[in-house]
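Work through these exercises with the model open. Try each task before you read its solution.

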Amino acid sequence: MAAKEKNMENYTEFLNNFTDFIFPEDTPEPADVIFVPGNGYPQMAERAAALWREGYAPFVLPSGKYSVTLGHFSGVAANAKRYPGPYHTEWEFLADVLLKNGVPREAILKEDHATYTWQNAQFSRQVTDQAGISVRKAIICCRAHHARRCRMYYQLEYPNARILICPSKDTGVNRDNWYRSGEGIDAVLGEMERCGGQFHQILRELMNA
């Protein structure tokens with residue numbers, strides 16, 4: 001173990017660079033809306049509900065139909081006894097989490113068509129525009145290792161807004177442990193690859209627009 005730790009020290013600078021890029025996090029501030037990108041984990045919606053109860057935003061907008069790769073809702077990934085469903089979409093699941101954690105239905109906006117993260121951002125923009133909500137500042141509650149990609153997509157859709165990241169901290173992979181397990185390494189470096197590959201496409205499209 002000591003030899004492994006010594007070898008890790010040789011890569012500290014690179015690990016820190018990856019960590020700082022993938023795991024942005026902000027102190028919550030009063031905002032116009034709280035976004036919850038689609039997923040099967042309740043912790044992000046629970047964090048959003050806690051922020052709503054503390055008065056950080058008047059609305060919460062969970063977004064999601066189901067994964068485009070699966071073609072159906074993958075199921076509740078944690079604490080299924082409290083959230084038994086059945087749920088047909090990520091939005092149904094996340095809305096139920098919000099309701100069970102004190103957010104009234106009138107404060108929950110609806111987006112249940114997105115099947116991947118960029119659509120979460122794109123379709124959420126359509127929802128807030130249709131509701132007449134001017135988003136000058138927004139909070140995103142997401143999984144910690146999805147924070148950079150979520151910020152990238154929502155910032156593209158809300159270019160004039162401040163986007164604050166307030167992730168859940170209890171879904172396994174985090175900035176302190178990601179490089180200590182195969183699961184964490186795959187999750188974080190996979191996010192690095194997706195951010196680069198997907199922004200490559202976005203940037204080319206913007207140049208040709």
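**Exercise 1.** Find which residues of helix α5 are buried.

*Solution.* Start with the cut-offs: buried means under 20% relative accessible area, exposed over 50%, partly exposed in between (1.4 Å probe, protein chains only). The buried residues of α5 are then T117, W118, Q119, N120, A121, S124, V127 and T128. Next, fix the element: helices (H or I, at least four residues) and strands (E, at least two) are DSSP runs, numbered from the N terminus. This is a predicted model, in which local features need pLDDT of at least 70, side-chain atom pairs count only at pLDDT 80 or more, and totals for chains, interfaces and linings use all residues. Residues are numbered from 1 along each chain as its sequence is written, and side-chain values use heavy atoms, with hydrogens and water left out.

Now look for the packing partners. Contact means heavy atoms within 4.5 Å. The buried residues of α5 pack against β1 (33–37), β2 (60–63), α6 (147–157) and α7 (182–208).

**Exercise 2.** Compare the span of α5 with its expected span.

*Solution.* The expected span is 1.5 Å times one less than the number of residues. Helix α5 covers residues 117–130, which is 14 residues. From first C-alpha to last, α5 reaches 20 Å, close to the 20 Å expected. Then step past the end: just after α5, G132 has a positive phi of about 75°.

**Exercise 3.** Place strand β3 among its neighbours and describe its side chains.

*Solution.* Take the side chains of β3 (residues 137–140). K137 and I139 point one way, A138 and I140 the other, and all are buried. In a regular strand the side chains alternate between the two faces of the sheet.

Turn to pairing: two strands pair if DSSP finds at least two bridges between them. β1 and β3 pair in the parallel sense over three bridges. F35 has I140 of β3 as its bridge partner. Four bridges join β3 to β4 (residues 162–165), and these strands run parallel. There, I140 stands opposite I165.

Finish with the connection. β3, α6 and β4 make a right-handed β-α-β unit. Right-handed means that, with the strands pointing away from the viewer, the path from the first strand over the helix to the second runs clockwise.

**Exercise 4.** Is R151 buried or exposed?

*Solution.* Locate R151 in helix α6. R151 is buried because its relative accessible area is 18%. Leaving out residues up to four places away in sequence, R151 touches P24, D26, I140, I163, L164 and I165.
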